[in-house]
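I opened my notebook to jot down what I looked up in this structure. Here it is, before my notes.

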Amino acid sequence: MSLFRHAVFEISVAKPQDLPEPTGPEIAFAGRSNAGKSSAINTLVGHTRLAFVSKVPGRTQLINLFRLKNGAALVDLPGYGYAQVPMAVRRQWQALLEIYLARRQALIGLVMIMDARRPLTDLDRQMLNWFGPTGKPVHCLLTKADKLTRSEQAQALRAVQAEVADAGVPITAQLFSSLKKTGLEEAESVIGGWLGNPEC
Ligand code: GDP
């Protein structure tokens with residue numbers, strides 16, 4: 001039985017400080033806008049529209065919290081890097097995200113969603129820099145892997161692994177495709193492992 005099946009939507013909040021007091025461990029999902037984060041969450045939870053795939057880029061972005069059956073929560077952070085959001089708004093958001101990532105005690109790990117064709121952008125690196133000092137694990141899903149050939153996939157994975165190898169913090173990476181539903185078991189086993197449930 002998958003850990004993520006039957007996740008339920010619990011709440012949307014505008015700012016990290018509006019999140020309810022934690023009632024269980026939290027796993028955050030972050031990524032650039034359009035990287036495929038909503039699709040990846042929907043794929044993990046086996047639900048086509050739990051995290052909405054069609055969103056209007058740049059409109060007020062919310063943090064969505066989904067509750068798993070074991071009491072843990074998936075925290076879907078707003079996509080970053082959307083060019084048309086005014087700089088002042090982006091800065092404000094970044095500050096809030098930084099505080100959440102660095103200080104939320106209940107947060108036990110970060111899942112970074114990156115387009116396998118464009119992994120580790122500057123903003124992705126910034127997220128890792130904010131989260132790294134916590135010493136908590138990061139798992140990178142290189143999604144839309146179906147858009148790459150097998151050798152390109154292997155190359156993308158190797159490049160990311162090589163770059164994060166020196167980070168001094170536990171960062172793992174894998175290929176993923178929401179379209180083809182590949183990489184699901186590996187993701188479940190890594191994230192389940194954080195929750196002390198390696199078998200899911
Ligand atoms: P978000 O902004 O990061 O939440 O990205 P979305 O999940 O909304 O996806 C952005 C676009 O990429 C949509 O058009 C999706 O259909 C597409 N997409 C997402 N995941 C995949 C994937 O694994 N393979 C392919 N081919 N397209 C994907």
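**Around the ligand**

I began with Gly36: an oxygen atom of the ligand is 2.8 Å from one of its polar backbone atoms. That fits the cut-off for a polar contact, a pair of N or O atoms within 3.5 Å (within protein, one must be able to donate a hydrogen and the other to accept it, and residues adjacent in sequence count only if both atoms are side-chain atoms).

Before going on, I noted that this is a predicted model, where local features need pLDDT of at least 70 and side-chain atom pairs count only at pLDDT 80 or more, while totals for chains, interfaces and linings use all residues. Residues are numbered from 1 along each chain as its sequence is written, and side-chain values use heavy atoms, with hydrogens and water left out.

Back to the ligand. I found an oxygen atom of the ligand 2.7 Å from a polar backbone atom of Asn34. For Ser39 the partner is an N or O atom in the side chain, 2.6 Å from a ligand oxygen atom. The ligand taken alone exposes 580 Å², and the protein buries 78% of that (areas by the Shrake-Rupley method with a 1.4 Å probe; for residues, only the protein chains shown count as cover).

Which residues are the closest to the ligand? I listed Asn34, Lys37, Ser38, Ser39 and Asp146, out of 17 that surround the ligand (near means that a heavy atom of the residue lies within 4 Å). By class, I wrote down three nonpolar, eight polar and six charged residues in the shell (nonpolar: Ala, Val, Leu, Ile, Met, Phe, Trp, Tyr, Cys and Pro; charged: Asp, Glu, Lys and Arg; polar: the others, Gly among them).

**Helix α1**

Helix α1, residues 37-45, gives the most to that shell, with three residues (helices are DSSP runs of H or I, at least four residues, and strands are runs of E, at least two, numbered from the N terminus). Why do I call α1 largely enclosed by the rest of the structure? Because eight of its nine residues are buried (under 20% relative accessible area; exposed is over 50%, partly exposed in between, with a 1.4 Å probe and protein chains only). Among the buried ones are Lys37, Ser38 and Ile41. Their cover includes β2 (26-31), β5 and α5 (184-194). Just after α1 comes Gly46, with a positive phi near 70 degrees.

**Strands β5 and β6**

I looked up Asp115 in strand β5 (residues 107-115). Asp115 counts as buried because its relative accessibility is 6%. Its side chain makes a polar contact of 2.8 Å with that of Arg117.

Val111 also sits in β5, and at 0% relative accessibility Val111 is buried. Leaving aside neighbours within four places in sequence, Val111 is in contact with residues including Ile27, Phe29, His139 and Trp194 (contact means heavy atoms within 4.5 Å).

His139 belongs to strand β6 and is buried, at 1% relative accessibility. I found a polar contact of 2.6 Å between the side chains of His139 and Thr172.

**Nonpolar cores**

Which members of the largest nonpolar core touch the most other members? They are Leu77, Leu101 and Met112, out of 39 residues (a core is a set of buried Ala, Val, Leu, Ile, Met, Phe, Trp, Tyr and Cys residues joined through side-chain atoms within 4.5 Å). I also noted a second, separate core of 23 residues, which includes Leu3, Ala35, Ala40 and Phe66. In soluble globular proteins, nonpolar side chains tend to be buried together.
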